[in-house]
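Q: Could you pick one spot in this model and take me through it closely? After that, I'd like to hear about the pockets, cavities and other parts that go with it.

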Amino acid sequence: GLTAVHTSEGYRKMILDYSRQQVTGETMELLFDLADAVGFTQRREAFRSGERINTTEDKAVLHHLLRMPKDYHFSGSVHSLADKILEDIHSVRDTIEQFTRKVRSGGHKGVTGKVLKQTIVITSGGVHLGAEFVHEALAADEHAAKAASGRGLHFLSNVDPVDTFLTTRGLDPAETLVVVVSKEFNSGETLNAYSIRHWLVSNLAREGSISEQSIVETHMFAVTSMGSNFATVGIPKRNVFKIWEWVIGRYSVTSAAGLLPLSLQYSYDIMSEFLNGAHDMDEHFFNAPLRDNIPVLLGMLGVWNSTFMG
């Protein structure tokens, strides 16, 4: 679908209809003039080429690399590290594919031998928002919902113990896998990681027959940077899925932060379709003329509505 979005005349006309926007042809021409005045196309190329456009944190913004295919051919304008970064990204994606297939098929079970059907995602800030939104959208898609049959995905981002209680209420810890998403393991989600660890251990380590270590190693996994303090929770390195320092929380859904839990719920195949669609829209954004560029048009209308219309 998305690959044809900029070649479909009917869809283009529908987008350009502006039936609910207070704009005229003159308005749009003035907005295109504004884009030229601020050097939009040059800024877009700087974004694409890996320049440090995140000036507040002095970082490049490389989220579009997260959904590129393995064999993507970079143009000469893209920084020299792109190929290496893409190789690293697909190494993580391959690991996620192998692991999630193993969990969903019952190859990786809980410590009591039960299939792991429930996933709790522990995050903080805006990290969970992308994955939660995609989860809600896919739950309404017939194909994705069928792939998720019998499974559950739950998000815990508040350190209030009431939220922990409500999240775990009704769940069987023997069937529950936990994904802790934290770049450094030094903020609020670490408290929730300890709380959920206690919930798992207190329920599963009955009469000392199952060790605390085996419970954590079987049921708890992390999405984090490799230099973080994930070991403080007891999560072994083999249970860690890498995230990069340039991945910002609110845009992290196509990294392991979103890909791992969503693949556990909906399958890696479904999430590959999602990533491919995101890549198609990236290509459309970077290459389509401004007047036919859906993200650009939406951005301009946003500027018009907020800045000029109040």
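A: A quick word on naming: helices here are DSSP runs (H or I) of at least four residues, numbered from the N terminus. Bear in mind too that this is a predicted model.

Let's start at V61. You'll find V61 in the loop that runs between helix 3 (40–48) and helix 4 (82–105). Is V61 buried or exposed? Its relative accessibility is 18%, and the cut-off for buried is under 20%, so V61 counts as buried. Along the chain, V61 and I248 are 187 residues apart, yet 8.5 Å is what separates their C-alpha atoms.

V61 also takes us to the largest pocket. Of the 18 residues that line this pocket, V61 is among those nearest the centre, along with F47, H63, R67 and Y251. The space in there comes to about 370 Å³. Helix 11 (residues 268–287) gives the largest share of the lining, 4 residues. Sort the lining by class and you get 9 nonpolar, 5 polar and 4 charged residues.

On to the second largest pocket, which has a volume of about 270 Å³. Its lining has 19 residues, and S124, V127, S182, K183 and G249 are the closest to its centre. The class split for this one is 6 nonpolar, 8 polar and 5 charged.

What about enclosed space? Searching the whole structure turns up 2 cavities of 30 Å³ or more. The second largest cavity has a volume of about 40 Å³. Around it sit L66, I89, V92, R93, I96, W244, T254, S255, A256 and L259. Helix 4 and helix 10 (256–266) are the elements that each put two or more residues into that lining. Helix 4, one of the helices that flank the V61 loop, gives the most, with 4 residues. By class, this cavity's lining divides into 7 nonpolar, 2 polar and 1 charged.

Now for the strands. Strand 1 (residues 118–122) has 5 of its 5 residues buried, so the rest of the structure largely encloses it. Side chains in a regular strand alternate between the two faces of the sheet. Here, Q118, I120 and I122 point one way from strand 1, while T119 and V121 point the other way. Strand 1 runs parallel to strand 2 (residues 152–156), and 5 bridges join the two; T119, for instance, has L153 as its bridge partner there. Strand 3 (residues 176–181) is also parallel to strand 1, again with 5 bridges, and V121 has V179 as its bridge partner in that strand.

Last stop, helix 12 (residues 294–308). Its 15 residues reach 20 Å from first C-alpha to last, close to the 21 Å expected at 1.5 Å a residue. Which of its residues are buried? They are I294, V296, L297, M300, L301 and W304. These residues lie on the same side of helix 12, because the arc they cover around the axis is only 165°. Flip to the other side and L298, S306 and T307 are exposed. After helix 12 comes G310, with a positive phi near 75°.

Conventions
Residues are numbered from 1 along each chain as its sequence is written. This is a predicted model: local features need pLDDT of at least 70, side-chain atom pairs count only at pLDDT 80 or more; totals for chains, interfaces and linings use all residues. Side-chain values use heavy atoms; hydrogens and water are left out. The expected span of a helix is 1.5 Å times one less than its number of residues. Buried means under 20% relative accessible area, exposed over 50%, partly exposed in between (1.4 Å probe, protein chains only). The arc is that of the directions from the helix axis to the C-beta atoms. Two strands pair if DSSP finds at least two bridges between them. On a 1 Å grid over the protein atoms alone, a cavity is a set of points where a 1.4 Å probe fits but cannot get out, and a pocket is an open set with protein on both sides within 12 Å along at least five of seven lines; lining residues have an atom within 4 Å of a point. Grid points are joined across faces, edges and corners, and a volume is the space filled by probe spheres set on the points. Ala, Val, Leu, Ile, Met, Phe, Trp, Tyr, Cys and Pro count as nonpolar, Asp, Glu, Lys and Arg as charged, and the others, Gly among them, as polar.
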